[in-house]
Amino acid sequence: MDNKLEKRIVRETAIAITKYRMIENGDRVMVCLSGGKDSYTLLEVLRLLQTRAPIKFDLVAVNLDQKQPGFPEHILPEYLESIGVPYHIENQDTYSIVKRVIPEGKTTCSLCSRLRRGILYRVSDELSCNKIALGHHRDDILATFFLNLFYAAKLKTMPPKLVSDDGKHMVIRPLTFVAEKDIIEYAKQKAFPIIPCNLCGSQENLKRKEVGDMIRTWEKQSPKKVWNTFKALSAVAPSHLLDTDLFDFLNLKTTGEFFEDGDTAFDQDTFPDLENEQVINISNLKRDK
Ligand code: SF4
């Protein structure tokens with residue numbers, strides 16, 4: 001086991017949890033476990049943090065068995081019992097519903113995930129959990145950002161923390177700062193019993209594949225480009241964009257005094273010499289006071 005890798009993932013997760021105040025003393029966190037590398041990593045890292053953090057919180061692993069053909073039902077219960085984590089398996093045949101409602105050849109993901117989300121919210125209430133943790137990581141957040149940018153003309157992505165539409169559930173993404181390549185390596189080293197993610201038979205979303213390939217190519221050619229794009233999501237300057245809802249351009253007036261939303265953003269020194277800069281490390285991200 002590469003301890004440096006584990007330390008990095010744990011540190012990045014701890015920074016995200018602290019920066020966005022994802023988990024607080026007394027929380028009961030439902031960890032959604034699909035059987036993929038991301039959710040196994042999430043559970044493992046939260047378990048490690050549970051023993052080290054200065055706060056107390058409970059974890060309950062939850063798997064939604066969507067009754068996809070060939071789903072190996074025994075794997076998750078055996079794994080969770082072997083590590084002693086309380087768990088719940090929710091059996092709901094969303095697979096048949098999706099197959100019945102969506103015509104053959106059309107993409108099934110949006111209905112499938114809407115059904116899954118509703119079920120997970122209900123289960124979190126039944127288990128008295130006040131937080132729902134998902135295994136999305138840095139590259140998921142970047143991919144969603146580019147999908148919205150390229151195909152929906154919006155500057156938005158999946159946030160580290162959100163409240164559900166009905167205002168009742170808090171969803172958190174503790175792996176927000178963790179790069180996918182680290183998770184792939186970690187999952188390999190820990191030999192998690194991975195369940196294949198293609199059992200539903202859904203076609204891979206071509207647009208998502210396109211942006212995923214783009215990010216992976218950048219990651220190989222210039223990791224700092226990927227980190228810089230990611231960091232930019234936490235360094236937004238509304239006065240230097242075009243959205244009149246975010247910045248009041250209409251009532252903008254000269255005052256003759258220093259103006260912090262002024263033209264400083266065009267100064268050369270705010271564009272560092274990327275070629276000579278060290279690879280951006282997540283530890284450069286500051287914690288909130
Ligand atoms: S890939 Fe399959 S299981 Fe995942 S959201 Fe799409 S339809 Fe559902």
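The following paragraphs describe the sheet, the helix packing, the annotated segments and the ligand surroundings of a predicted model.

The model contains an open sheet of 6 strands in the order 3-2-1-4-6-5, and the pairing within this sheet is mixed. Its edges are formed by strand 3 (87-91) and strand 5 (161-163), each of which pairs on one side only. On average, and with direction ignored, neighbouring strands of the sheet are turned by 25° against each other. Strand 5 pairs with strand 6 (residues 170-172) in the antiparallel sense, over 3 bridges. Within this pair, V163 stands opposite M170 of strand 6.

Two helices that pack on the sheet are helix 2 and helix 5. Helix 2 (residues 37-52) touches strand 1 (28-32), strand 2 (58-65) and strand 4 (131-133), and the direction of helix 2 makes about 155° with that of strand 1. Helix 5 (residues 109-126) touches strand 1, strand 2, strand 3 and strand 4; the angle between its direction and that of strand 2 is about 140°.

Helix 2 also takes part in contacts with other helices. The axis of helix 1 (residues 3-19) comes within 10 Å of the axis of helix 2, with a crossing angle of roughly 80°. An angle of 65 to 115 degrees counts as roughly perpendicular, and helix 1 and helix 2 are therefore roughly perpendicular to each other. On the side of helix 1 the contact involves I9, V10, T13 and A14, which meet T41, V45, L48 and L49 in helix 2. The contact of helix 1 with helix 2 comprises 6 nonpolar and 2 polar residues, with no charged residues.

Helix 7 (residues 180-190) is a further partner of helix 2: their axes come within 9 Å and cross at roughly 75°. This crossing makes helix 2 roughly perpendicular to helix 7. Here K37, D38, Y40, T41 and E44 of helix 2 meet I183, I184, Y186, A187 and K190 of helix 7. By class, this contact of helix 2 with helix 7 has 5 nonpolar residues, 1 polar residue and 4 charged residues. T41 is listed in the contact with helix 1 and also in the contact with helix 7.

Helix 8 (residues 206-221) and helix 9 (residues 223-232) form another helix pair, with axes that come within 5 Å and cross at roughly 125°. Helix 8 and helix 9 are therefore oblique to each other. I215, W218 and E219 in helix 8 meet P223, K225 and V226 in helix 9. Of the residues in this contact, 4 are nonpolar and 2 are charged, and none is polar.

Several segments carry annotations in an unreviewed UniProt entry. UniProt lists residues 29-192 for "domain: tRNA(Ile)-lysidine/2-thiocytidine synthase N-terminal". This span is 46% helix and 16% strand, and its end C-alpha atoms lie 21 Å apart. For "short sequence motif: PP-loop motif", the UniProt entry lists residues 34-39. Over residues 34-39 the chain is 50% helix and 0% strand, with the end C-alpha atoms 6 Å apart.

The feature "binding site" is placed by the unreviewed UniProt entry at C109, C112 and C200. These residues span 92 residues in sequence, yet no two of their C-alpha atoms are more than 9.8 Å apart, so they gather at one spot. C109 is found in helix 5, the helix that packs on the sheet against strand 1, strand 2, strand 3 and strand 4.

In the model, the ligand is surrounded by T108, C109, C112, S113, C200 and S202. This shell includes C109, C112 and C200, the positions of the UniProt feature "binding site". By class, the shell around the ligand divides into 3 nonpolar and 3 polar residues, with no charged residues.

Terms used: Residues numbered from 1 in each chain as written. Predicted model: local features only at pLDDT ≥ 70, side-chain atom pairs only at ≥ 80, totals over all residues. Near = placed C-beta within 6 Å. Nonpolar A, V, L, I, M, F, W, Y, C, P; charged D, E, K, R; others polar. Pairing = 2+ DSSP bridges. Helix = DSSP H or I, 4+ residues; strand = E, 2+ residues; numbered from the N terminus. Axes fitted to C-alpha atoms, helices over the stretch in contact; angles between N-to-C directions. Contact = placed C-beta atoms within 7 Å. UniProt positions renumbered as here; feature names shortened; annotations may be inferred. Parallel < 35°, antiparallel > 145°, perpendicular 65-115°, else oblique.
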